[in-house]
Every structure is written in C-alpha cells, then in structure tokens.
Amino acid sequence: MQNFIPLSLYVHIPWCVRKCPYCDFNSHEKDSSFDEKRYLEALLSDLESEHVLCQQRPLSSIFFGGGTPSLFSADAIHTIIDHARQLFRFDDIEITLEANPGTFEQDKFNAFRQAGVNRLSIGIQSFKQQHLESLGRRHDSKQALSAIDTATSAGFDNINLDLMFGLPQQTIEQAVDDIRTACAFEVNHISHYQLTIEENTYFHKHTPVLPESDLLWEMQTQCQDLLLENQYQQYEISAYAKKGRQCQHNVNYWLFGDYIGIGAGAHGKLSSINDQEQALVVQRRWKHRQPRQYIEKTSSGESLSGASTLKQQDIVFEFLLNALRLKAGSDLDIFKQHTGLTLDQLQHAVKDIDPALLILDSNRITTTDRGFLFLNEILEKLV
Ligand SMILES: C[S@@+](CC[C@H](N)C(=O)[O-])C[C@H]1O[C@@H](n2cnc3c(N)ncnc32)[C@H](O)[C@@H]1O
Ligand code: SF4
C-alpha cells in the first residue's frame, strides 16, 4: 500500500549570512560551525541511512531549504542530487532551491541549473528599501530586482517569489505595490506570508509597530484581488500559482505524502505496512538540530535525534491540519491511501464541525469559502 504514497526529499542547509530578527527557523549565522565539506559528507551519509528505509520507492520531488541554500556551492548541490539519483529512481522531477538575493551571481545560478535544480524560490520579502531595512534583511531593493533577472537569464522558467506583508509601518498601497512589481516579472508562483511574531526572536522581545487587524484584512484582500487579476490562483493559505504551477513538493506535504528530511533539524514522515496486522504505520523522524552536533553525530551513524509513531487519532488530525490548508482540500481516495484509515473514521473526526465551514461529500473533503477564512476555528474544534 505504501508505494502509492509519493515520497519527496527535503535537504536543510542551516546557515545564513545574518539571522533576521523575525525568523524562528533552524537557521544560524554563518560562523565557525560552517563547514561545507563536512556538512556535505554528513548529508550524503544521512541520505543513505534514510534510503534503507524507503523500500525502493522513487522520489517525486526534492527541496533545498534553509537557512540559505544558495550559500552552498553549486558543486555541493550537484553532488547531493547525483547521490540521490544513484540511490532512488527518478527522471524529470521538481527540484527547488531557496535563494536569497545578494548571495549569488550569474555564474552560480547557471551552475545550479547545470546541477539539476529546475525551480528557484527567491526570498524577496519586499521590493521597498524601507521595509527590507525594517526586516533587517541583508539585501537592498536593487538586489531584489536583479536577483529575478539573474535567475531568468540563467534559464529558470519555474520561479517562486517569497513576499511578506503586514510589515512595520507598511501601508496598503505599499503592500499592493510589492505585488504589482512581483506580477510584472510573470513568475509562476508567489508566496505571500503575513509577518508573524514568533517566540524566541528579536522581534518578540522588541516588537515593532505593525498594521492593525482591519488594515491587514484590507491589505490582504487588495493583494489577493491583484494576484487574481494577474491569473495567480490561491491554492493554499499563502500560496498563489499560475495554472498547473503549484509547488509539487509542498502539495505533497499538505496531502500527507511521505518525505525524508536530511540535514540539521530536518523532519521526515514515512509510512510502512505492519506485516502482522496489514495496517499502515506512520512514523515522524527528526534530526539533531545544531549544525555542529548534527555533523558529529552523523559521522558516527547517528543522525536521528528522535522518532515517534502516530496514533490513529493523530493521523486524522494531522491529515486535516494539512489538507484543509489547500483550497481544494483533498480527494477521499488520497485520504484513504495516505492515512490507511476508513471514511467512517474521517466522518467521526469531523462530525462536530459546522457544515457551513466544512464539506465532506462522496468524493472530497474541503472547507467552504467561509471555512477557508476561519480555518483556525475548524482546527480548534478538531482538537
Ligand atoms: C525560512 S525562509 C527561507 C528562505 C530564505 N532564507 C529567505 O529568508 O528568503 C522561508 C520564508 O519564510 C518566510 N518567513 C520567515 N519567517 C517569517 C515570519 N516570522 N512571518 C512570516 N513569514 C516568514 C519568509 O518569506 C521566507 O522567505
Ligand atoms: S535569511 Fe531566511 S532563513 Fe535566514 S534568518 Fe533570514 S528569514 Fe530566516
């Protein structure tokens, strides 16, 4: 049964030139722990350990995320893709790399493409100097614009731009103007995240003045309208794509597909069949978080920091938590294949949810338009 579940690969590169004040991802300022050669060796060995668990399944996508993967040499990225190709079967799959403006030049982008990367996710955040500064970003507005030109000149035709809104002192017109600039590049995909204040960040201790909720609502609505006018369909809370250009890697996460995570702090999810009961077993796995510790432990064959097997009620909840982020929700065949559960179990889990928010019919489970806007209400009810 598990062979029907797509399997993707996530590779975490945990270093950045500087830590941004709002960021709570597992990213560390590039210091003496940065060692590309040793980290690369650790990644290859981690990949081999994970491969043993994957029962000859092919990969459906690869994603290099961070941190700042574009800090790594194209040779290192090439070596990882080649190694994955030797271990797993795959042909023409989506291979994404996150790149920060100011960390690459034309030659490096050409080399990433030669290495097999066919999708770039560029961390623009804003095109406005004022907001890049208030976010503590390293790049300026000129570098934001030239990064997209550089990527296009290298031949990339599958590009995502990460933008944030709800920034300190940001007006509606400024947020809309960022979207207008992004749309003019005619990229395939735009991710539009509302700035959130996360614990353990500099912004949590020293929170800047952010737009009020009414203003935020209007900002988001006007940005969405402009994206739609430019043929970007919203398919997930923060993701907009031209027709057929959704991020396959992320869609696999949201549809409760399997994935291997290699690198410091990377998470994975793997399904297998329990031979005795013929039931689907879903395991979550995670790696050591600190880069130095990850390198050391992995060199002695112990990249795994922890693992846990999901209980049935966790499986339903996690499935819904992810699938309902998608505007189209999920096909019920996918629910059955990816969870190993029955429709009765799904019906039972959602029985208390207001039908004005959630629809479960004979083919799909999906939020209503209202439910999509109030997703947190649904999830609170499920808990
Ligand atoms: C983890 S970053 C990795 C990409 C790259 N390092 C960068 O910053 O451009 C992925 C994206 O998450 C978004 N992000 C990070 N922290 C955020 C926060 N506190 N609120 C909203 N979006 C955030 C940013 O848009 C960022 O591009
Ligand atoms: S560059 Fe990206 S990953 Fe690094 S600190 Fe900034 S937001 Fe986080």
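**A tour of ligand 1 and helix α12**

Begin with Q125, where a polar side-chain atom stands 2.7 Å from an oxygen atom of ligand 1. The model is predicted, and every distance quoted here is computed from it.

Next, select D162. An N or O atom of the D162 side chain lies 2.7 Å from an oxygen atom of ligand 1. Then move to T196, where the backbone is involved: one of its N or O atoms is 2.9 Å from a nitrogen atom of ligand 1.

Now display the surface of ligand 1. Taken alone, ligand 1 exposes 550 Å², of which the protein buries 92%. To see where the surrounding residues come from, colour β6 (119–125), β7 (159–165) and β8 (189–194), the elements that each give two or more residues to the shell around ligand 1.

Select the whole shell of 17 residues; G67, Q125, R137, D162 and T196 come nearest to the ligand. By character, the shell divides into five nonpolar, eight polar and four charged residues.

Leave the ligand and select helix α12, residues 332–339, in which L332, F335, H338 and T339 are buried. Which part of the helix do the buried residues line? Look down the axis of α12: its buried residues fall within an arc of 135 degrees, so they line one face of the helix. An α-helix has 3.6 residues a turn, so residues three or four places apart point the same way.

Finish at the two ends of α12. At the N-terminal end, D331 acts as a cap, with a side-chain oxygen 2.9 Å from the backbone nitrogen of D333. After α12 comes G340, which has a positive phi near 70 degrees.

Technical notes. Residues are numbered from 1 along each chain as its sequence is written. Chains are lettered from A and ligands numbered from 1 in the order in which they are written. This is a predicted model: local features need pLDDT of at least 70, side-chain atom pairs count only at pLDDT 80 or more; totals for chains, interfaces and linings use all residues. Side-chain values use heavy atoms; hydrogens and water are left out. A residue is near a molecule or strand if one of its heavy atoms lies within 4 Å of it. A polar contact is a pair of N or O atoms within 3.5 Å; within protein, one must be able to donate a hydrogen and the other to accept it, and residues adjacent in sequence count only if both atoms are side-chain atoms. Accessible areas come from the Shrake-Rupley method with a 1.4 Å probe; for residues, only the protein chains shown count as cover. Helices (H or I, at least four residues) and strands (E, at least two) are DSSP runs, numbered from the N terminus. Ala, Val, Leu, Ile, Met, Phe, Trp, Tyr, Cys and Pro count as nonpolar, Asp, Glu, Lys and Arg as charged, and the others, Gly among them, as polar. Buried means under 20% relative accessible area, exposed over 50%, partly exposed in between (1.4 Å probe, protein chains only). The arc is that of the directions from the helix axis to the C-beta atoms.
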